[in-house]
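Q: Please take a close look at the sheet in this model. I would like to know how its strands are ordered and paired, how they are covered, and what is packed elsewhere in the chain.

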Amino acid sequence: MASDEIVNQFLQYLKSIEGQFDLSDVDLTPLIEQTKFYTPIPLKYSNPQIALRNMSCVIIQNLCKYTDNAKYPKYGLNAIKSVTTKNLDDPDSQAQLMLLVHITKMKLSIYESALYCKHFERMSIITEYTDQLNKWQDVAYKVLAHSEINTTINDLMKRTFGTEYSERIEETDSIKVSIKFVVTTEAELRGFAGINCVYINEGYFNLKASQLHHNPNPALSADEIEDILLMDIVTVTLHEYSHVRIRQVLDDLNMSSPHFIAETAIAEDAEDPEFGRIVERKFFNVTINWVKSIGCGAVPVTYITNFLNAINTNAALPVLTDNVYIVKRSRPQTMHGGGGGADLSYVHDGIIE
Ligand SMILES: [Zn+2]
């Protein structure tokens, strides 16, 4: 089987560079030469067991295809080796594999990429829930069940990817999607799309919560701060759920959006074809930074209170009035080919965006 062969070639390549220091950038050329004749393998949602078995191979193929100048830090390769040779029955390993499928496609420097791989090697799924996490999970599930959100995402998929997908969109509409929270030392990760699962990084939101509580905006009450965090959980859920929905429709975790972007897409979306961001723009005009937009008064706190109420009661969502003072998030980072699947935020001067 081609996927096992590629993993074996990767392991043999690692043996051949055993003598090199972990911090050195190693030359991937021999591995690239060996693997370049294999065709990309789709990771089918309709057969998750086979998809999981093929993920290691796809990660190595992505690494070979997208690494700049065929160089990569050896410690990053060690992390990739660890993730790609783990027990496939372990839910933590499954989540790590899905995340690395996305990370190895992103437009990152080799040092950022290797460091992320190293940190995500130890990412795990949270199984014990605090009261706060239960609240976050409840609101995330309400997003998945919200009628207007589902209709809007379905309509956007038709507009963006083409009406030829209408039937698949209907067929896949009732597939159950779950929410899982993960813990990792990498606070920049907001979330990512798995197979019929939205993963959210608790660490990102914990850091955000602690920054909001330690540097309070005097204009905001504790309840309002809680609502801002909930609104951001709603936003990341919307975003990752969109990635999951389009992957259900195309039946491939490893898809890249732009390849499928139809001519019907509006100019702005053709320019920035990351589907999670297209969906965010539909609801909030931009990929919004809630903390800054509310902090500077560009968005009234009542808007998020009303939005959260509408999420909780499956009612019509309030429309956000656009204005020039609304602050965007500067990331997520895009992928080679422009698609999405994992969303990394940005830290400026120690403050998470
Ligand atoms: Zn995204």
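A: In this predicted model, an open sheet is formed by 5 strands, which follow one another in the order β3-β4-β6-β5-β7 with mixed pairing. Its edges are β3 (124-125) and β7 (342-344), each of which pairs on one side only.

Strand β6 is a convenient place to begin, and its two pairings can be taken in turn. With strand β4 (residues 178-183), strand β6 (residues 197-201) pairs in the parallel sense over 5 bridges. Along this pairing, Lys 180 has Tyr 199 of β6 as its bridge partner, while Phe 181 stands opposite Ile 200 in β6. With β5, by contrast, β6 pairs in the antiparallel sense, over 4 bridges. Here Val 198 in β6 is the bridge partner of Ala 193, and Cys 197 in β6 stands opposite Gly 194. The hairpin of β5 and β6 has 2 residues between the strands, and within this hairpin Asn 196 takes a positive phi near 50°.

On the β7 side, β5 and β7 pair in the antiparallel sense over 3 bridges, and Phe 192 stands opposite Ala 342 in β7.

The burial of these strands can be followed residue by residue. In β6, 5 of the 5 residues are buried, so that the strand is mostly covered. The cover extends to both faces of β6, with Cys 197, Tyr 199 and Asn 201 buried on one side and Val 198 and Ile 200 buried on the other. Strand β5 (residues 189-194) is largely enclosed by the rest of the structure, because 6 of its 6 residues are buried.

Val 198 also leads from the sheet to the nonpolar core. The largest nonpolar core has 87 residues, and those that touch the most other members are Met 98, Leu 99, Leu 100, Val 101, Val 198 and Ile 233. Helix α11 (residues 222-250) gives the most to this core, contributing 13 residues. In soluble globular proteins, nonpolar side chains tend to be buried together. Leu 100, taken from that list of core members, touches Ile 59, Ile 80, Val 83, Cys 117 and Phe 120 when residues up to four places away in sequence are not counted.

Leu 100 also takes part in a helix pair. Two packed helices are described by the angle between their axes and the distance between the axes. For helix α3 (residues 48-66) and helix α5 (residues 91-103), the axes come within 9 Å and cross at roughly 35°, and the crossing is left-handed. From α3, the residues Leu 52, Met 55, Ser 56, Val 58, Ile 59 and Asn 62 meet Gln 94, Leu 97, Met 98, Leu 100 and Val 101 in α5. Sorted by class, this contact of α3 with α5 has 8 nonpolar residues, 3 polar residues and no charged residues.

A last site to consider is a loop residue, His 146, found between α7 (131-145) and α8 (147-161). His 146 counts as buried because 23 C-beta neighbours lie inside 10 Å, where the cut-off is 20 or more. Leaving aside residues up to four places away in sequence, His 146 touches Ile 311 and Asn 314. From Lys 105, His 146 is 41 residues apart in sequence and 31 Å apart in space, C-alpha to C-alpha.

Conventions
Residues numbered from 1 in each chain as written. Predicted model: local features only at pLDDT ≥ 70, side-chain atom pairs only at ≥ 80, totals over all residues. Pairing = 2+ DSSP bridges. Buried ≥ 20, exposed ≤ 12 C-beta atoms within 10 Å, placed from the backbone. Axes fitted to C-alpha atoms, helices over the stretch in contact; angles between N-to-C directions. Left-handed = near helix turned anticlockwise from the far one by under 90°. Contact = placed C-beta atoms within 7 Å. Nonpolar A, V, L, I, M, F, W, Y, C, P; charged D, E, K, R; others polar. Core = buried A, V, L, I, M, F, W, Y, C linked by C-beta atoms within 7 Å.
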